[in-house]
Amino acid sequence: SSDTLATLKTESETLKTKLEEERAKLHDVELHQVAEKTEALGQFVMKTRRTLKGHGNKVLCLDWCKDKRRIVSSSQDGKVIVWDAFTTNKEHAVTMPCTWVMACAYAPSGCAVACGGLDNKCSVYPLSLDKNENLAAKKKSVAMHTNYLSACCFTNSDMQILTSSGDGTCALWDVESGQMLQSFHGHAADVLCLDLAPSETGNTFVSGGCDKKSCVWDMRTGQCVQSFETHESDINSVRYYPSGDAFASGSDDATCRLYDLRADREVAIYSKESIIFGASSVDFSLSGRLLFGGYNDYTINVWDVLKGTRVSILFGHENRVSTLRVSPDGTAFCSGSWDHTLRIWA
Amino acid sequence: MTINTLSQDGVQRQQMPCLTKMERMIISMQDPDMGIKLRNQRLLITVIPHAMTGLDIVEWLIKKCSISDEEALHVGQLFVKYGYIYPLKEPRNLILKADDSSYRFQTPYYWMSTRWPASELDYAIYLAKKNIRKQGELIEYEKECYNALHKRINHTWDFVVMQAREQLRASKQRRKGDRIVLECQEQAYWLVNRPPVSPEHYKLTTLTKNTIIEHNRISLARNRVKSSICLESYVKYCEQYQPHDPIMQGCLPSNPWITDDIMFWNMNSETVALPTKLRVERWSFSFMELLNDQMGRKEFLTYLEKEFSAENLCFWQACEDVRHGETAKIPEKVDEVYKQFLAPGASRWVNIDSKTMEKTLEGLKRPHRFVLDDAQMHIYFLMKKDSYPRYLKSELYKNLLARAIVPQETKKSVFPFMRRQRHSSPSPALATQTAEDDGKAKYSNSNSGTASRL
């Protein structure tokens with residue numbers, strides 16, 4: 001009945017307000033205040049060191065291989081390419097049966113890649129060195145969602161994949177059998193991104209969605225253990241701080257924000273009046289001091305995580321930056337764009 | 001950003017929040033006091049009123065946002081690209097030039113954000129005009145619609161009012177007769193065509209609400225840590241890792257992406273004879289750092305063997321194998337682990353407290369992926385609190401640290417314009433071809449103890 005709904009709504013709102021009050025009680029200092037004694041960063045020079053050309057359409061996603069130099073990227077025209085970014089050689093190419101391949105990931109062993117998009121699936125392709133072999137022949141369909149696949153990543157092995165989808169859910173899958181091991185419900189709209197926590201116990205991950213919420217999940221129980229709702233628009237990207245105690249998110253509201261998991265609150269906002277377009281993708285440098293954000297206005301902004309200031313702005317791409325990842329050893333980062341190219345910056 | 005245009009409760013989603021932000025800035029640009037000074041611009045023989053130069057725009061942005069001219073030009077360019085400002089001289093060439101080229105503000109009617117949902121917006125403008133003209137002239141249902149619209153399309157309300165004012169201004173200039181006719185026509189149109197009252201916000205069921213309430217209750221009860229403690233830890237972490245962050249501080253001998261020299265990767269590979277000093281130092285930052293490095297893990301195993309507690313690390317690795325491995329193989333793997341590590345009299349028996357052992361043995365009756373978690377956690381923390389700190393103080397570690405290499409910085413090439421040859425590396429796909437044939441599962445560097453990698 002509408003009465004019950006009304007009382008529930010009030011109760012929910014009251015709890016929410018109480019929650020915000022509780023969170024605020026222990027907030028005794030701002031990040032930039034604590035960081036006052038930290039040395040400021042000097043002049044920052046980063047240049048494009050490699051340009052990977054070969055996609056025939058918008059680059060939508062990229063992932064690094066653990067060997068620190070190979071990259072897999074996927075594009076709107078259905079092509080998934082594996083590059084040795086150092087030499088810029090293309091090593092493998094797969095044509096997916098669908099367009100808009102929005103998600104791709106490199107397997108930890110380096111022997112396979114996973115990808116998916118408008119086909120609502122996530123498929124795994126083992127990488128073969130036989131030039132004549134058709135990679136698509138050995139393809140394995142793993143995940144099945146009821147709407148587009150927005151992100152995927154392998155857990156600590158080649159055997160499990162975590163996915164997020166436009167159907168509002170995330171799920172954990174067994175690669176060999178294609179069985180769903182766990183599903184994660186709680187977002188009220190499309191889930192656009194996810195990231196695995198680098199914690200000792202390795203059991204949680206964070207997701208962000210079009211409901212402006214980011215949620216932290218327990219992989220074993222499927223429960224949402226923490227959630228944050230301070231962004232003003234879709235969350236396009238989430239990435240853990242290297243220690244695992246916090247994560248950053250990038251949103252269509254043109255801000256990036258930092259959330260601390262122990263303090264259970266937002267602790268920093270990275271924004272600037274001249275930055276009007278949404279952040280599509282974020283990642284930290286190895287020490288966590290720098291946050292790189294790829295934006296829809298074609299630029300990459302580099303933020304000082306501790307001081308909250310913008311250290312540098314990188315021009316170069318000729319269309320939206322859609323994806324950005326720092327290499328596994330932190331020597332460089334790669335950005336992919338709607339201008340069909342990928343760039344390595346160092 | 002998503003392709004889905006309707007949100008879950010069936011209401012049209014606000015498209016592109018960047019447009020709202022741009023419009024806000026455009027409105028400030030036109031502020032009579034703080035905005036750009038508009039004047040007459042000469043275009044050939046005509047004088048165009050209310051115009052400005054490209055330089056005016058760039059300078060205003062530099063001042064307002066405290067940015068460089070390169071960035072101001074970039075931002076200004078976006079306004080031209082999205083149609084909020086248009087050039088007078090070459091109207092088809094949507095480029096902003098930071099010189100005396102003339103530009104004008106586009107009328108709000110043609111703003112990008114007004115393209116959807118059009119009819120609702122038109123109705124809002126109509127109601128706003130009525131409201132402005134004679135306060136309180138709106139009839140009951142119109143008042144309701146006006147308030148509902150004000151709530152729902154609040155993000156474009158500035159535009160609605162602006163457009164309403166402009167239309168009123170334009171109509172004042174018409175002849176009285178014409179004006180009355182147009183007003184009647186408009187009124188009649190909206191009587192017939194007014195948009196239907198849309199469904200109430202948030203069609204949440206009691207079930208969803210209950211879940212949210214439960215979640216909030218649990219969140220309330222959570223233990224939180226003071227911000228000062230949490231934030232201080234970031235400062236410490238960044239400081240500790242700064243020398244290891246190649247983008248922040250460079251790396252020795254050189255960053256391969258910059259010099260094309262792959263020595264840095266060779267010197268830090270898994271199979272290198274002698275590790276670098278930075279690498280060995282990093283093992284002392286946390287137990288995870290030690291275990292995540294294959295070489296560190298090997299060294300630690302050697303140390304544990306000396307202490308006759310190597311079975312702890314082997315057990316932990318076997319548990320990782322179960323947790324991250326193929327679902328179908330779990331029962332046999334768990335059985336193997338039991339035989340080797342947990343069974344009474346097992347060859348590599350691990351010392352777990354009786355409570356955990358009891359719980360684990362009970363769980364083994366129905367083996368699942370996480371059945372060994374408690375036992376694994378117990379052993380992990382045992383190693384972390386006991387063996388790990390002692391390893392860091394041991395001769396084995398100190399010796400290695402003393403012998404570890406500090407690479408020489410690569411001398412800059414005598415001929416800086418000559419690029420070094422970029423060597424390719426063996427593909428990881430090749431490295432485990434044989435492993436695949438053996439039927440071994442493939443694991444990542446960080447957690448594997450069994451299959452070999454790269």
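A residue is called exposed here when its relative accessible area is over 50%, and buried when that value is under 20%. With that in hand, let's walk through this predicted model, beginning with a few backbone spots in chain B.

**Unusual backbone spots in chain B**

B:Phe308 is a good place to start. Its relative accessible area is 72%, so it counts as exposed. The residue sits in the loop between α15 (294-306) and α16 (310-324) of chain B, and its phi is positive, at about 60°, although it is not a glycine.

B:Ser66 can be read in a similar way. This serine belongs to the loop that links α2 and α3 of chain B. With a relative accessible area of 58%, B:Ser66 is exposed as well.

The positive phi values are gathered here:

| Residue | Phi |
|---|---|
| B:Ser66 | near 50° |
| B:Gly83 | about 85° |
| B:Phe308 | about 60° |

One more backbone feature deserves a look: the peptide bond from B:Leu252 to B:Pro253 is cis, with omega near 0°. You will find B:Pro253 in the loop between α10 (246-249) and α11 (256-259) of chain B.

**Helix α3 of chain B**

How far apart should the ends of α3(B) be? The helix has 13 residues (69-81), and at 1.5 Å a residue it should span 18 Å; its end C-alpha atoms are indeed 18 Å apart, so the two figures agree. Just after the helix comes B:Gly83, with its positive phi.

Many side chains can be followed inward from this helix. The buried residues of α3(B) are B:Glu71, B:Ala72, B:His74, B:Val75, B:Gly76, B:Leu78, B:Phe79 and B:Val80. What do they pack against? Within chain B their partners are α1 (17-29), α2 (54-65) and β3 (85-87), and they also meet β25 (310-314) of chain A.

**Chain A as a whole**

That strand brings us to chain A, which has 2 helices and 28 strands. Its radius of gyration is 20 Å, and a compact globule of 346 residues would have one near 20 Å, so chain A agrees with that expectation. Along the principal axes, its C-alpha trace spans about 65 × 55 × 35 Å.

Buried residues make up 66% of the chain. Of the contacts in chain A with a separation of 6 or more, 45% come from residues 24 or more positions apart. On the outside, the accessible surface comes to about 11,300 Å², and carbon and sulfur atoms account for 47% of that area. Chain A also carries 36 positive and 43 negative side chains, with the centres of the two sets 6 Å apart.

Terms used
Residues numbered from 1 in each chain as written. Chains lettered and ligands numbered in written order. Predicted model: local features only at pLDDT ≥ 70, side-chain atom pairs only at ≥ 80, totals over all residues. Heavy atoms only, no water. Helix = DSSP H or I, 4+ residues; strand = E, 2+ residues; numbered from the N terminus. Expected span 1.5 Å × (residues − 1). Buried < 20%, exposed > 50% of the residue type's maximum accessible area, 1.4 Å probe, protein only. Contact = heavy atoms within 4.5 Å. Rg over C-alpha atoms; globule rule 2.2 N^0.38 Å. Areas by Shrake-Rupley, 256 points an atom, 1.4 Å probe, with all protein chains shown as cover. Lys, Arg positive; Asp, Glu negative; His and termini not counted. Charge placed at Lys NZ, Arg CZ, Asp CG, Glu CD.
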